[in-house]
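Here are a few quick notes to go with the model. Have a look at it first, then read on.

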Amino acid sequence: MKAIHFMIIDYIKVKQQMYFMPMFIVIALVLWGNGFSILVPFSYMMCVSLILATAPFGTCKKEDAGFLVLLPSTAAHRVIGRFLYGMSFVGFAVVCSGIFIAFYQMMEKEIEAWTIAVSLYLLAFCLLMITVEFLILYLVGENLAPQLLGIVRVAPGMGSFFAMMYIIDDVGAMGKVSMARDMGGEMTQIGAIAVAAALAIWVAAVVICVKVTAKRDYV
Amino acid sequence: MELLEVKNLSKHYKAFDLQNINFTLPKGYIMGYVGPNGSGKSTTLNLITNICKCTEGEIRINGISCEEDAVAYKEQIGYIGDEFYFPNNFKVKNIRRVLQNFYPTFSAKKFDGFLQRWNLPEKKPIKDFSRGMKVMLMFASVLSRDTKLMVLDEATNGLDPVMRTEILQLLQEYVMDGERSVIFSTHILSDLEQIADYIYFIHQGRTVLYDAKDELIESYLLVKGEKSAVSSELEKALIGVIDNAYGFEALLSSDQAGLLGTEFQYEKPNIDQIVVHFIKDGR
């Protein structure tokens with residue numbers, strides 16, 4: 001429960017950024033409405049979630065330790081709270097994408113198995129990226145220059161989005177997607193395993209960050 | 001019964017070492033933790049609050065160490081720092097909510113009572129609060145729950161005399177029930193003169209003095225006189241000799257008062273004078 005309370009603190013700290021969420025959803029819908037694949041808004045929402053998930057790291061100040069570190073809790077509560085905060089954005093992206101897909105189906109368009117499989121790969125990739133980002137930010141983040149911190153926070157999300165656009169547009173055109181189409185359900189199973197593996201790595205990262213944080217001096 | 005026990009506390013940094021700090025603070029008492037800038041006061045208090053981790057040693061509050069039970073340990077501490085520690089984009093309602101979430105003994109009614117008493121505006125962004133308002137908001141957050149040890153790190157710096165007096169009164173009320181204690185670091189030694197029961201004096205990371213305030217004042221004499229009248233034996237016994245236009249001023253241990261002749265003037269020193277002469281002696 002204390003971890004949830006730390007997650008709420010992170011939300012309060014970055015609440016100004018939350019006001020942009022509706023705008024991101026509209027952009028995702030515009031991208032989709034312009035004839036892009038259903039995977040494009042999903043990729044876009046993942047990119048947004050990767051960037052917003054790391055926002056609390058940019059708000060950390062040494063003086064805050066007198067309040068936040070002294071709250072009756074352990075290092076594990078604080079770290080799990082921060083990871084849950086990050087994960088909530090991935091969850092948000094998944095929910096948004098689920099709603100997009102539901103609308104897509106309501107318009108009597110069938111979702112192919114390979115689309116679901118690629119979405120799972122994308123989700124696994126996003127989880128992995130968020131885990132690596134959090135690891136970097138916990139291990140060295142507090143000592144990073146603000147400009148470098150900005151790059152660590154923004155680059156993975158932007159990079160992932162453009163990589164996905166490339167895969168959908170160029171690789172798709174070269175016929176690789178049709179190969180994926182042929183593999184059908186098998187691809188989905190592998191995608192599900194990839195998501196499970198990414199979640200396991202996420203848990204391992206939490207454990208590492210708790211150990212590092214428990215030994216840390218805050219001032 | 002001891003509320004705070006600090007045993008063999010050390011912290012090593014590249015450029016500074018805090019070495020072998022030992023003291024106890026009984027329930028119902030106030031300790032003044034004094035020393036010049038960079039002497040290790042804030043380091044010690046950061047170790048007590050667990051904001052920093054000690055290299056060696058042990059700290060217990062009411063018999064509980066942070067390693068044994070971090071939640072119970074921290075629940076007992078009310079910390080007020082020299083810097084405002086609430087995140088800048090927080091509002092008063094956010095602070096109330098966080099305190100409610102984390103502290104089972106937090107009373108929103110008490111908290112709101114303090115806000116009213118000190119005219120702290122609920123809707124104004126806390127980043128726009130004056131220094132005095134920020135300090136009082138920190139006090140409101142600490143006094144509206146059941147803490148056992150109040151830790152103040154130069155919290156009264158930059159406050160006007162009226163506000164400082166109010167804070168000193170608050171601290172005395174805080175320890176009145178005999179179950180709670182205060183450890184208080186400050187440069188304003190006249191504040192300590194008024195309220196401290198114990199004085200711990202630290203310099204360059206090492207203990208210089210530690211005693212009950214009244215004992216400490218009784219233990220030394222402030223000696224003034226002509227330097228030419230000082231014998232070699234007295235010269236060795238004097239602590240922190242400061243030359244001035246009228247001769248010299250120094251401290252002398254009370255049990256060495258026999259070394260003084262009639263040509264010297266002496267009186268009881270205050271805490272400020274004891275600290276100044278010991279710092280002078282240390283350099």
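What share of the 219 residues of chain A count as buried?

1. The share is 38%, where buried means that 20 or more other C-beta atoms, placed from the backbone, lie within 10 Å of a residue's own. Bear in mind that this is a predicted model, where local features need pLDDT of at least 70, side-chain atom pairs count only at pLDDT 80 or more, and totals for chains, interfaces and linings use all residues. Residues are numbered from 1 along each chain as its sequence is written, and chains are lettered from A, ligands numbered from 1, in the order in which they are written.

2. Chain A has 10 helices and zero strands (DSSP runs numbered from the N terminus: H or I of at least four residues for helices, E of at least two for strands).

3. Now for one helix pair: the axes of H1 (residues 2–13) and H6 (residues 75–106) of chain A come within 7 Å and cross at roughly 60°. Those axes are lines fitted to C-alpha atoms over the stretch in contact, with angles from 0 to 180 degrees between N-to-C directions. H1(A) and H6(A) are therefore oblique to each other (not under 35 degrees, over 145 or 65 to 115).

4. Chain A also touches chain B, with 20 residues from chain A and 24 residues from chain B in the contact (C-beta atoms, placed from the backbone, within 7 Å). On the chain A side, H1(A) gives the most, with four residues.

Technical notes:
Two residues are in contact if their C-beta atoms, placed from the backbone, lie within 7 Å. A residue is buried if 20 or more other C-beta atoms lie within 10 Å of its own, exposed if 12 or fewer, and partly exposed in between; C-beta atoms are placed from the backbone.
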